[in-house]
Amino acid sequence: MKTNYFILAVLVLALSAGCTTTGPKPDKIAESHYMLGLSHLQSSNPTLALKEFLQAAEIQPNNADTQAGLAQAYQLKKAFPEAETHYLKALKLSPDDPYIYNNLGALYLDMSRWDDAIRCFTKAADNLIFTKPEVALTGQGTALYQKGNYLEAVTVLNKALRIQPHYAMARVRLGEVYYALDKTEEAIGEFQTALEDVPNFVLAHYKLALALQKADRKDEAIAELNEVVRIAPNSDLAQMAREHLDLLK
């Protein structure tokens, strides 16, 4: 399963005013299914998460958290139209929720709908109660990069890093932009900084290998590709790393 680094975990909020220790039995059952769904999401099992969220939604269809959980599970299973439907339902129930907007932006990245992603990430980042603006700004920068708006992407990603200098994903995305601009040494520096903060960040190792190869630093590139295979041998990135290693032999 491809990891989407911009999805934020569903918040564990009260399901409704009725979800108390003295609430009606159906609400307790819905809460139990919701909490189990969260647990399965955190365990990277979207299939079981979907099952639990569907049962929670059958009891409480108008709960924003449950709808957002459904959307995340569908998104991780690559059922993107269904995910969008449930994110939009969640927003109707909880208008302007920055976490839902952030995750909807992540969905639009998956769907290559760059302008929609930018709109949603901007809504999240601009919300003063959002505790992870660097995540939304990094998503916005990623969409700008995908559109070819490299200079604007650099500005937005640097804004994310001013908020949280140790946010490794922002470093990697900034490195990608520098790589596209043929600023290879700057790209290498960003990927290396990301790895200082998160040493086993597989994507950073892979991107660093590509940049080192571009800089004609073959031995270092091979070492980074081997790290990708070592850290995540069964991942898509590891398969691509093996293919690159075959070419570099």
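**Exercise 1: the core.** In this predicted model, find which residues touch the most other members of the largest nonpolar core.

*Solution.* Start with the core itself: it holds 79 residues. Look for the ones with the most contacts to other members, and you land on Phe53, Val172 and Phe201. Next, ask where the core gets its largest share: that's helix H11, which gives nine residues. Now zoom in on Phe53. Leaving out residues up to four places away in sequence, Phe53 touches Tyr34, Gly37, Leu38, Leu41, Thr66, Gly69, Leu70 and Ala73.

**Exercise 2: a helix with two sides.** Check the span of helix H13 (residues 236-248), then work out where its buried residues lie around the axis.

*Solution.* Step one is the span. H13 has 13 residues, so at 1.5 Å a residue you'd expect 18 Å. The C-alpha atoms at its ends are 19 Å apart, which agrees. Step two: pick out the buried residues, which are Leu237, Ala238, Ala241, Leu245 and Leu248. Step three: look down the axis of H13. The buried residues fall within an arc of 95°, so they line one face of the helix. Step four: flip to the face turned away from that buried side, and you meet the exposed residues Asp236, Asp246 and Leu247. Finally, see what covers the buried residues: helix H11 (202-214) and helix H12 (218-231) are among the elements that do.

**Exercise 3: a loop residue.** Decide whether Asn127 is buried or exposed.

*Solution.* First, locate Asn127: it's in the loop between helix H6 (114-125) and helix H7 (133-147). Its relative accessible area is 19%. Buried means under 20%, so Asn127 counts as buried. As for its contacts, Asn127 touches Asp96 and Pro98, again not counting residues up to four places away in sequence.

Note on methods
Residues numbered from 1 in each chain as written. Predicted model: local features only at pLDDT ≥ 70, side-chain atom pairs only at ≥ 80, totals over all residues. Heavy atoms only, no water. Helix = DSSP H or I, 4+ residues; strand = E, 2+ residues; numbered from the N terminus. Expected span 1.5 Å × (residues − 1). Buried < 20%, exposed > 50% of the residue type's maximum accessible area, 1.4 Å probe, protein only. Arc of directions from axis to C-beta. Contact = heavy atoms within 4.5 Å. Core = buried A, V, L, I, M, F, W, Y, C linked by side-chain atoms within 4.5 Å.
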